[in-house]
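Biologist: I should like to learn how features of a model are read. May we take them one at a time?

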Amino acid sequence: METAVATSPQPTLWASIREAIAGSHQDFTAGNLNRAILLLAIPMVLEMVLESLFAVVDVFWVGRIGANAIATVGLTESMLSLVFAVAMGLSLSTTAMVARRVGEKDHDGAAIAAVQSIALGLGVSVLMGVPCFFLAPRLLQWMGSSTEIIAVGTTYTRIVLGGSGVVLMLFLNNAIFRGAGDAAIAMRLLWISNIINLALDPCLIFGLGPFPKLGVTVLQWPHSQVAALRSSTSFTDC
């Protein structure tokens, strides 16, 4: 006597896409492999798109100030790509370790791996951020910046590169969520970050409403230091 085996219908492609964006909790070690890849890949792709949107928004608003401001953001973002490389390397290893422990149903081990990765990220952020904070003018000079760009953008470069720990923590926290199988939370965190960035960028750059007008930098160098920097630059070029 043959017994019929009841099988649940597979969700359609659009249903899987909606689920990937909305997020869901499930065991990715069981079930259809192609659907599991789709549910994890869509939030990751959108996450990378949102990460690249930060610099685009900054350049869009800073471009209203002047060429030196655009050059400052462009040069700093170029140097920040090195921080992204370190952050991506740490995040990939974190995702692998957390995903392995979650796949083994060892949730305590996954938590330990997550905490260790965050501690490692904090240590690396100090090693990278502190030297960059103090060497910001030299870094801009080594990138071929003029004295005017160095005068305008030193504080911006110090804040962005000196605060690289924020970038590392963002990458590592998102890597932990991805390894735990909840990539949609990492995507939502970047949505919130981009909304805040979109709202505050014009307010802080141009001083809209109660916000102070900061431009591309919080504090520009005095003219005496600019003159001294110009003379030192011309001396090293001889």
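Modeller: Let us begin with accessibility. This is a predicted model, and in it leucine 40 has a relative accessibility of 22%, so this residue counts as partly exposed, the limit for buried being under 20%. Leucine 40 belongs to helix α2, which covers residues 33-62.

Biologist: How many residues apart along the chain are leucine 40 and alanine 183, and what separates their C-alpha atoms?

Modeller: They lie 143 residues apart along the chain, while their C-alpha atoms are separated by 6.1 Å. Over the protein, 70% of the contacts with a separation of 6 or more are accounted for by residues 24 or more positions apart.

Biologist: What is the secondary structure of the protein, and what share of its residues count as buried?

Modeller: There are nine helices and zero strands, and the pattern along the sequence is α-α-α-α-α-α-α-α-α. Of the 238 residues, 37% count as buried.

Biologist: How does one read the length of a helix, for instance that of α3?

Modeller: An α-helix has 3.6 residues a turn, so residues three or four places apart point the same way. As to length, α3 runs over residues 67-103 and has 37 residues. From its first C-alpha to its last it reaches 51 Å, close to the 54 Å expected at 1.5 Å a residue. After α3 comes lysine 105, with a positive phi near 65°.

Biologist: How should a salt bridge be read, and how many does the structure hold?

Modeller: Side chains of opposite charge can pair when their charged atoms come close. The structure holds two salt bridges. Glutamate 104 forms one with arginine 100, where the closest N and O atoms are 3.3 Å apart. Glutamate 104 also forms a salt bridge with arginine 101, again with the closest N and O atoms 3.3 Å apart. Arg100, Arg101 and Glu104 are thus linked in a network.

Biologist: Is glutamate 104 buried or exposed, or does it fall in between?

Modeller: Glutamate 104 counts as partly exposed because its relative accessibility is 42%, between the limits of 20% and 50%.

Biologist: Arginine 101 interests me further. What is the distance between its C-alpha atom and that of glycine 179?

Modeller: The two C-alpha atoms are separated by 9.0 Å, although the residues are 78 apart along the chain. Glycine 179 is in helix α7, residues 164-179. Its relative accessibility is 8%, so glycine 179 counts as buried.

Biologist: Which residues are in contact with glycine 179, leaving aside its neighbours within four places in sequence?

Modeller: They are Thr95, Val98, Ala99 and Val102. Of these, threonine 95 is in helix α3 and is buried, because its relative accessible area is 18%, under the 20% limit. Leaving aside neighbours within four places in sequence, threonine 95 is itself in contact with Ala175, Arg178 and Gly179.

Biologist: How is the packing of two helices described, and at what angle do α7 and α8 pack?

Modeller: Two packed helices are described by the angle between their axes and the distance between the axes. Helix α8 comprises residues 183-206, and α7 packs with α8 at about 150°, the axes being 7 Å apart. That angle is over 145 degrees, and therefore the two helices are roughly antiparallel to each other.

Biologist: Which residues make the contact between α7 and α8?

Modeller: From α7 they are Leu170, Asn174, Phe177 and Arg178; from α8 they are Ala183, Ile185, Ala186, Leu189 and Leu190. The crossing of α7 past α8 is right-handed.

Definitions and conventions: Residues numbered from 1 in each chain as written. Predicted model: local features only at pLDDT ≥ 70, side-chain atom pairs only at ≥ 80, totals over all residues. Heavy atoms only, no water. Helix = DSSP H or I, 4+ residues; strand = E, 2+ residues; numbered from the N terminus. Expected span 1.5 Å × (residues − 1). Buried < 20%, exposed > 50% of the residue type's maximum accessible area, 1.4 Å probe, protein only. Contact = heavy atoms within 4.5 Å. Salt bridge = Lys/Arg side-chain N within 4 Å of Asp/Glu carboxyl O. Axes fitted to C-alpha atoms, helices over the stretch in contact; angles between N-to-C directions. Parallel < 35°, antiparallel > 145°, perpendicular 65-115°, else oblique. Left-handed = near helix turned anticlockwise from the far one by under 90°.
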